[in-house]
Amino acid sequence: MAKMEDPAKMREFKCSKIASEISSLANQCLMKKRGYTALTETLFASECDESGRPLIVTDDGTDRVVLVCKDF
């Protein structure tokens, strides 16, 4: 993460922010600790098959995917 967020690299590539889509609960917590802000969330239960069953079921208790962003 530190390598990806290196200010010199960000300037080299003319980047002003990083966005990432994260689904694991552990990564959601990590990104929050690193200063990322949630832009939007999609609950897994909102995406279902014809029978109403969720298309995505995780084993770590995650119930959503989150799009996060961090400005540099």
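1. Let's start with K70. In this predicted model, K70 has a relative accessibility of 16%, and because buried means under 20%, K70 counts as buried. You'll find K70 in strand 3. Its side chain reaches the backbone oxygen of R34 at 2.7 Å. If you skip the neighbours within four places in sequence, K70 is in contact with E5, S16, K17, I18, R34, G35 and Y36.

2. Which residue forms a salt bridge with K70? That's E5, with the closest N and O atoms 3.6 Å apart. The pair links distant parts of the chain, since K70 belongs to strand 3 and E5 to the segment before helix 1, 65 residues apart. Like K70, with its 16%, E5 is buried, at a relative accessible area of 8%. R34 comes in here too: E5, R34 and K70 are linked in a network of salt bridges.

3. Now the rest of the salt bridges. Side chains of opposite charge can pair when their charged atoms come close. A search of the whole structure turns up 7 salt bridges. One of them joins D71 and K17 at 3.3 Å, N to O. Because D71 sits in strand 3 and K17 in strand 1, this pair ties together parts that are 54 residues apart in sequence. D71 is exposed, with a relative accessible area of 55%, while K17 is partly exposed at 45%.

4. Helix 1 has a salt bridge as well: the side chains of E12 and K9 meet at 3.4 Å, N to O. These two are 3 residues apart in the helix, so about one helical turn separates them. Both come out as partly exposed, E12 with a relative accessible area of 49% and K9 at 37%.

5. On to the sheet. It is open, with 3 strands in the order 1-3-2 and antiparallel pairing. Strands 1 and 2 (37–43) stand at the edges with a single partner strand each, so one side of each has no neighbour in the sheet. On average, neighbouring strands are turned by 10° against each other, direction ignored. Strand 1 and strand 3 are joined by 6 bridges; A19, for instance, has C69 in strand 3 as its bridge partner. Helix 2 (residues 25–33) packs on the sheet and touches strand 1 and strand 3, its direction making about 160° with that of strand 1.

6. What makes up the largest nonpolar core? It has 7 residues: M10, I18, I22, M31, Y36, V66 and V68. Strand 1 (17–22) and strand 3 (64–71) each supply at least two of them. I18 is a good one to click on: beyond residues up to four places away in sequence, I18 touches M4, E5, M10, Y36, V68, C69, K70 and F72.

7. Two more spots to look at. M1 lies in the segment before helix 1 (7–12) and is partly exposed, with a relative accessible area of 37%. Leaving aside neighbours within four places in sequence, M1 is in contact with M31, R34 and Y36. Its C-alpha atom is separated by 31 Å from that of P54, 53 residues along the chain.

8. The other spot is S46, in the loop between strand 2 and strand 3. S46 is partly exposed, with a relative accessible area of 47%, and its side chain reaches the backbone oxygen of L43 at 2.5 Å. The C-alpha atoms of S46 and K32 are 23 Å apart, with their positions 14 residues apart along the chain.

How values were computed. Residues numbered from 1 in each chain as written. Predicted model: local features only at pLDDT ≥ 70, side-chain atom pairs only at ≥ 80, totals over all residues. Heavy atoms only, no water. Core = buried A, V, L, I, M, F, W, Y, C linked by side-chain atoms within 4.5 Å. Buried < 20%, exposed > 50% of the residue type's maximum accessible area, 1.4 Å probe, protein only. Helix = DSSP H or I, 4+ residues; strand = E, 2+ residues; numbered from the N terminus. Contact = heavy atoms within 4.5 Å. Polar contact = N/O pair within 3.5 Å; in protein donor to acceptor, adjacent residues only side chain to side chain. Pairing = 2+ DSSP bridges. Axes fitted to C-alpha atoms, helices over the stretch in contact; angles between N-to-C directions. Salt bridge = Lys/Arg side-chain N within 4 Å of Asp/Glu carboxyl O.
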